[in-house]
Amino acid sequence: EIDLQKVDEQSQRLVKGLMGVSLVVVAWFIWSDQLNAINILDRVTLWPSSGVTTETITTPDGSEVQTITEFARDVTLANLFMAFLIGFFTFLATRNLPGLLEISLLQRMQLGSGERYAITTIARYIITAVGVVMVFNAVNIGWSNVQWLVAALSVGLGFGLQEIFANFVSGIILLFERPIRVGDVVTIGNTSGTVSKIRIRATTITDFDRKELIVPNREFVTGQLINWTLSDATLRVVIPIGIAYGSDTEKAIQLLKQAADQHPLVLEDPGPNVFFVGFGGSSLDLELRCFSPSIDHLLKIRHDLHLEIDKLFRANNIEIAFPQQDIHVRGLEEQLKVLAENKARQVRVEDSGNATTES
């Protein structure tokens, strides 16, 4: 579900930011002649820099030759101020774009919550990347200036940061491939819960006790994962029941099917079925199988069926079996006779020992 209050706050911040930018632009065009003093920012040099341009020259014989020209370009205080503005508006856009997208576009496309979250997250990444490139260009930091830094980072990623980089790439895969989506009920390891956030490094799962589990993204890509609601939310409910030997099995099967048919949340297609699965050590084993439309109703259906089955079996004198064990004692008289002889022999031995001591 959409958090309308959060969307409203994001939209208001974005509109206010755009209005502020518009006012600055209009004021600049109106009073540009009176604001020449601002040009002094261009005269304050922070550090020298250089750039490279590629030009295509046509020779007299008609062939084209590319020439690389290096030029000097100092970074001034005006460039730094422009980079600061670009960074500020990039931050403003990444924080408040989801609200605008929800209201203006995504709601009209009738997408699910997982698809909407993936689109807004990827759009946020793209805006951040474009903003960073524009900030670097504003201060005249191009690829030729940072390629050594990229090489150093590559070595770092290969050694110390490979786990972080793997989680980042896995997060991108999760957003594009969408094996899990926000709102899906998943089981990873021994934990089950609902996916609440998919971040750059890790995904947050909120379990049914409202505890939040932070799982690195690579666990979802390389590990085993159960997604209960990926393509179909329908789940099967299996209730095993053992009745006592000598009970009317046909009557028990009829009552089990009656209990499932009368439940309003049990699906009619596929309908419920009851199977006689085997002869147990203490019971005749039956199994009721029906389907729930959603995992949200799974526990309630199981609870209601347990109550209804117990009530129907009591009313129809069908006993639910419990584990039993028979102990057969054979030759009790012989065992008692042996014990008596052993006791008498022990008494004689003690008496003879006492007589020897007295003598």
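## A tour from the sheet to the surface patch

Start by selecting strand 11 (273–279) and strand 12 (residues 284–292), which pair in the antiparallel sense over six bridges. Strands here (E, at least two residues) and helices (H or I, at least four) are DSSP runs numbered from the N terminus, and two strands pair if DSSP finds at least two bridges between them. The model is predicted: local features need pLDDT of at least 70 and side-chain atom pairs count only at pLDDT 80 or more, while totals for chains, interfaces and linings use all residues. Residues are numbered from 1 along each chain as its sequence is written, and side-chain values use heavy atoms, leaving out hydrogens and water.

**Stop 1: the sheet.** Zoom in on Phe279, whose bridge partner in strand 12 is Leu284. Now add strand 10 (235–243) to see an open sheet of three strands in the order 10-12-11, with antiparallel pairing. Strand 10 and strand 11 are at the edges with a single partner strand each, so one side of each has no neighbour in the sheet.

**Stop 2: the helices on the sheet.** Select helix 7 (residues 249–262), which lies across strand 10, strand 11 and strand 12 and runs at about 20° to strand 12. Angles run from 0 to 180 degrees between N-to-C directions, with axes fitted to C-alpha atoms, for helices over the stretch in contact. Then show helix 8 (residues 298–315), which packs on the sheet and touches strand 10 and strand 12; its direction makes about 25° with that of strand 10.

**Stop 3: Phe313.** Stay in helix 8 and pick Phe313. With 1% relative accessibility, Phe313 counts as buried (buried is under 20% relative accessible area, exposed over 50%, partly exposed in between, with a 1.4 Å probe and protein chains only). Beyond its neighbours within four places in sequence, Phe313 is in contact with Ile241, Ile243, Ala252, Leu255, Leu256, Ile318 and Ile320; contact means heavy atoms within 4.5 Å. Draw a distance from Phe313 to Leu255: they are 58 residues apart along the chain, yet their C-alpha atoms are separated by 7.6 Å.

**Stop 4: helix 5.** Finish by selecting Phe168 in helix 5. Phe168 is partly exposed, with a relative accessible area of 35%.

**Before you go.** Zoom out to the whole protein, which has nine helices and twelve strands. Of its 359 residues, 27% count as buried.
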